[in-house]
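Good morning, colleagues. I ask you to look at the model on the screen while I go through its architecture, its metal site and some individual residues.

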Amino acid sequence: MHPADHALIVIDVQNDFCPGGALEVKEGDVIIPGINALMNDFDAVILTQDWHPAGHSSFASSHPGRSAYDMIEMSYGPQVLWPDHCIQMTGGAAFHPALRTDANMIIRKGFRPGIDSYSAFFENDRVTPTGLAGYLRTRGIDAVTVVGLATDFCVSYSAQDAIRMGFAVTVLTELCRGIDLDGSLASAIDGMRRDGARVA
Ligand code: VGL
Ligand code: ZN
């Protein structure tokens with residue numbers, strides 16, 4: 001059992017990121033039994049849920065002439081365009097049915113039409129907070145372990161923001177899976193290590 005000041009954050013284990021989903025991550029479902037077991041070791045368990053309105057600005061379908069995985073420039077910086085995924089209230093946005101959802105807290109993110117949100121802590125402008133840091137701090141939590149999907153997007157952004165917010169961060173890569181666009185997986189792991197995460 002980890003001490004009460006150490007939380008588990010489970011990122012985006014949703015149908016659309018698992019095999020057969022709209023933005024499937026290879027072996028995304030393979031990590032679920034291990035994550036469920038790991039929950040037993042934590043007093044504080046937080047799940048995140050990617051939660052986009054239809055027509056979200058991160059969807060390629062919202063940008064005529066663009067294709068999925070193109071890069072565009074948004075007001076807040078570069079943004080990958082994705083297939084439509086995790087649309088609020090759809091089955092794709094639901095947690096994978098095998099995932100334990102008896103968590104303390106569920107953070108939904110990416111619900112503002114004009115801005116994407118990979119991180120559990122901040123939207124992609126890196127300044128609009130989700131409120132998670134305040135939730136953790138007011139519970140006296142100063143360390144987090146991060147697992148889930150996808151290693152090179154929502155997991156690494158969450159880990160890097162957690163470090164920036166002063167939390168001690170562990171990322172268990174065996175309980176994560178990545179998308180890997182043009183080497184994004186290796187660079188995400190390097191980036192998390194460089195920032196001071198323990199990447200196990
Ligand atoms: C994610 C791309 C778009 C993720 C979410 O969970 O890593 N990736 N939305
Ligand atoms: Zn998304």
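H6 stands opposite A143 in strand β6, and the two strands concerned, β1 (residues 6-11) and β6, run parallel and are joined by 6 bridges. Strands here, E runs of at least two residues, and helices, H or I runs of at least four, are taken from DSSP and numbered from the N terminus; two strands are said to pair if DSSP finds at least two bridges between them.

Before I continue, a word on the basis of these statements. This is a predicted model, in which local features need pLDDT of at least 70 and side-chain atom pairs count only at pLDDT 80 or more, while totals for chains, interfaces and linings use all residues. Residues are numbered from 1 along each chain as its sequence is written, chains are lettered from A and ligands numbered from 1 in the order in which they are written, and side-chain values use heavy atoms, with hydrogens and water left out.

Let me return to β6. This strand also runs parallel to β7, with 6 bridges between them, and V144 stands opposite V169 of β7. How many residues of strand β6 are buried? The count is 7 of the 7 residues (143-149), so the strand is largely enclosed by the rest of the structure; buried means under 20% relative accessible area, exposed over 50%, and partly exposed in between, with a 1.4 Å probe and protein chains only. On one side of β6 lie A143, T145, V147 and L149, on the other V144, V146 and G148, and both faces are covered. In general, side chains in a regular strand alternate between the two faces of the sheet.

The wider sheet is open and consists of 6 strands with parallel pairing, in the order β5-β2-β1-β6-β7-β8. Its edge strands are β5 and β8, each of which pairs on one side only. Between β2 and β5, which run parallel, there are 5 bridges, and L47 has I106 of β5 as its bridge partner.

A separate pairing involves β3 and β4, which is antiparallel over 4 bridges. These two strands form a hairpin with 2 residues between them, and M71 stands opposite V80 in β4. Strand β3 (residues 71-74) has I72 and M74 on its covered face, and M71 and E73 on the uncovered one.

I turn now to the metal site. Which protein residues are donors of the zinc ion (ligand 2)? They are D50 (OD), H52 (NE2) and H85 (NE2), at 2.0 to 2.2 Å from the ion. Donors are N, O and S atoms within 2.8 Å of the metal (3.2 Å for Na, K and Ca), and since water is not among the atoms, sites may look incomplete. Along the chain, the donors follow the spacing D-x1-H-x32-H. D50 belongs to strand β2 (residues 44-50) and H85 to the loop between β4 (77-80) and β5 (105-109), so this pair ties together parts 35 residues apart in sequence. D50 and H85 are both buried.

Next, helix α4. The 12 residues of α4 (184-195) should span 16 Å at 1.5 Å a residue, and the end C-alpha atoms are indeed 16 Å apart, which agrees; the expected span is 1.5 Å times one less than the number of residues. Buried in α4 are S184, A188, I189, G191 and M192. Seen down the axis, the buried residues of α4 fall within an arc of 160 degrees, so they line one face of the helix; the arc is that of the directions from the helix axis to the C-beta atoms. They pack against α3 (151-164), β7 (168-177) and β8 (198-199), where contact means heavy atoms within 4.5 Å. G196 follows α4, and its phi is positive, near 110 degrees.

Finally, some individual residues. I31 is in the loop between β1 and α1 (32-38) and counts as buried at 1% relative accessibility. The C-alpha atoms of I31 and G148 are separated by 7.6 Å, although these residues are 117 apart along the chain. A cis peptide bond, with omega of about -15 degrees, joins L149 and A150, and A150 is in the loop between β6 and α3. M89, in the loop between β4 and β5, is not a glycine but has a positive phi near 70 degrees; at 72% relative accessibility it counts as exposed.
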